[in-house]
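Got the viewer open? Then let's take a walk along the chain, one selection at a time.

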Amino acid sequence: MTSHHAALQRALMVATAALTLSACHGDAKDVPGDAQDHAPFHEISESDRLHVLGTEPFWNGEIAGGRMTYSTPDSPEPEVIAVSRFAGRGGLSFSGERKGAALTLAIAPGICSDGISDRTYPYTAMLRIGAETRQGCAWTDARPGSGPSASATEIR
């Protein structure tokens, strides 16, 4: 794992912990951000289409209307997975089940690079399926990021 991926994984673990801890409104002194801000994350609305992608291994997906469409090069035919959304203080999480394994996707604000293009994205993503964790980037149609455009299918 490269140092970039290790740093991204640590940042995403912190974001996931912050999402989990933000559900509690107690004395959260170790939670990043403004501890007095108890408003749910609102940068990505429930009506926004969220796109995610990752490398090593390659994966991509799209979340809209309570469903995640997920694919990998090994399973290029997209799977549709029902997910529930949680808006924490510092980001979003989506949870569901894939082939009997728990699935959690955590999204947090932060400049993200896919590591293979010159494109940057406005959100980081961490996907956990069962015991496997994958890192990636995310964007919405309203906040697509910057750099040369590349669709998820071009990255595969």
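Here is a tour that goes from the whole chain to single residues.

**Before you click**

This is a predicted model, in which local features need pLDDT of at least 70, side-chain atom pairs count only at pLDDT 80 or more, and totals for chains, interfaces and linings use all residues. Residues are numbered from 1 along each chain as its sequence is written, and side-chain values use heavy atoms, with hydrogens and water left out.

**Stop 1: colour by confidence**

Start with pLDDT, the predictor's confidence in each residue, from 0 to 100. Its mean over the protein is 78, and 71% of the residues reach 70 or more. Now select residues 1–28: pLDDT stays under 50 there, and the model has 36 contacts beyond four places in sequence for this stretch. A contact here means heavy atoms within 4.5 Å. Do likewise with residues 150–156, where pLDDT also stays under 50 and the model has 14 such contacts. Where pLDDT is low, the predicted coordinates should not be read in detail.

**Stop 2: switch to cartoon**

You should find two helices and eight strands. Both kinds of element are DSSP runs, numbered from the N terminus: helices are H or I with at least four residues, strands are E with at least two. From the N terminus on, the order is α-β-β-β-β-β-β-β-β-α.

**Stop 3: β1, β2 and β3**

Select β1 (50–54) and β2 (residues 59–64). These two run antiparallel and are joined by five bridges; strands count as paired if DSSP finds at least two bridges between them. For one of the bridges, pick Val-52, whose partner in β2 is Gly-61.

The hairpin of β1 and β2 has four residues between the strands, and its loop is worth a zoom. What is the phi of Glu-56? Glu-56 has a positive phi near 55°, though this residue is not a glycine. Glu-56 is exposed, with a relative accessible area of 60% (exposed means over 50%, buried under 20%, partly exposed in between, with a 1.4 Å probe and protein chains only). Next, look at the bond from Glu-56 to Pro-57: this peptide bond is cis, with omega about 0°.

Add β3 (residues 67–71). β2 and β3 pair in the antiparallel sense over five bridges, and Glu-62 has Thr-69 as its bridge partner in β3. Two residues lie between these strands in their hairpin, where Gly-65 takes a positive phi near 55°.

**Stop 4: a pair of rings**

Show Trp-59 and Tyr-70 as sticks. A search of the whole structure finds two aromatic pairs, and these residues form a tilted one, at 6.5 Å centre to centre with 35° between the planes. Rings of Phe, Tyr and Trp (its six-membered ring) pair if their centres lie within 6.5 Å; planes under 30 degrees apart count as stacked, over 60 as edge-to-face and the rest as tilted. Trp-59 sits in β2 and Tyr-70 in β3, eleven residues apart. Both residues are buried.

**Stop 5: β4, β5 and β6**

Move on to β4 (residues 79–87) and β5 (residues 92–98), an antiparallel pair with five bridges. Click on Arg-85 and you'll find Phe-94 of β5 opposite. Four residues make the hairpin link from β4 to β5.

β5 also pairs with β6 (residues 101–113), again in the antiparallel sense, over seven bridges. Ser-95 has Thr-104 as its partner in β6. In the two-residue turn of this hairpin, Lys-99 has a positive phi of about 50°. Is Lys-99 buried or exposed? At 67% relative accessibility, Lys-99 counts as exposed.

**Stop 6: look inside**

In soluble globular proteins, nonpolar side chains tend to be buried together. A nonpolar core is a set of buried Ala, Val, Leu, Ile, Met, Phe, Trp, Tyr and Cys residues joined through side-chain atoms within 4.5 Å. The largest one here has 20 residues, and Val-52, Met-68, Leu-105 and Ile-107 have the most contacts inside it. β7 (120–129) gives this core its largest share, four residues. Select Leu-105 and show its neighbours: beyond four places in sequence, Leu-105 touches residues including Trp-59, Ile-63, Phe-94 and Leu-127.

Last, select Leu-53, Cys-112, Tyr-121 and Trp-139: these are among the five residues of a second, separate core.
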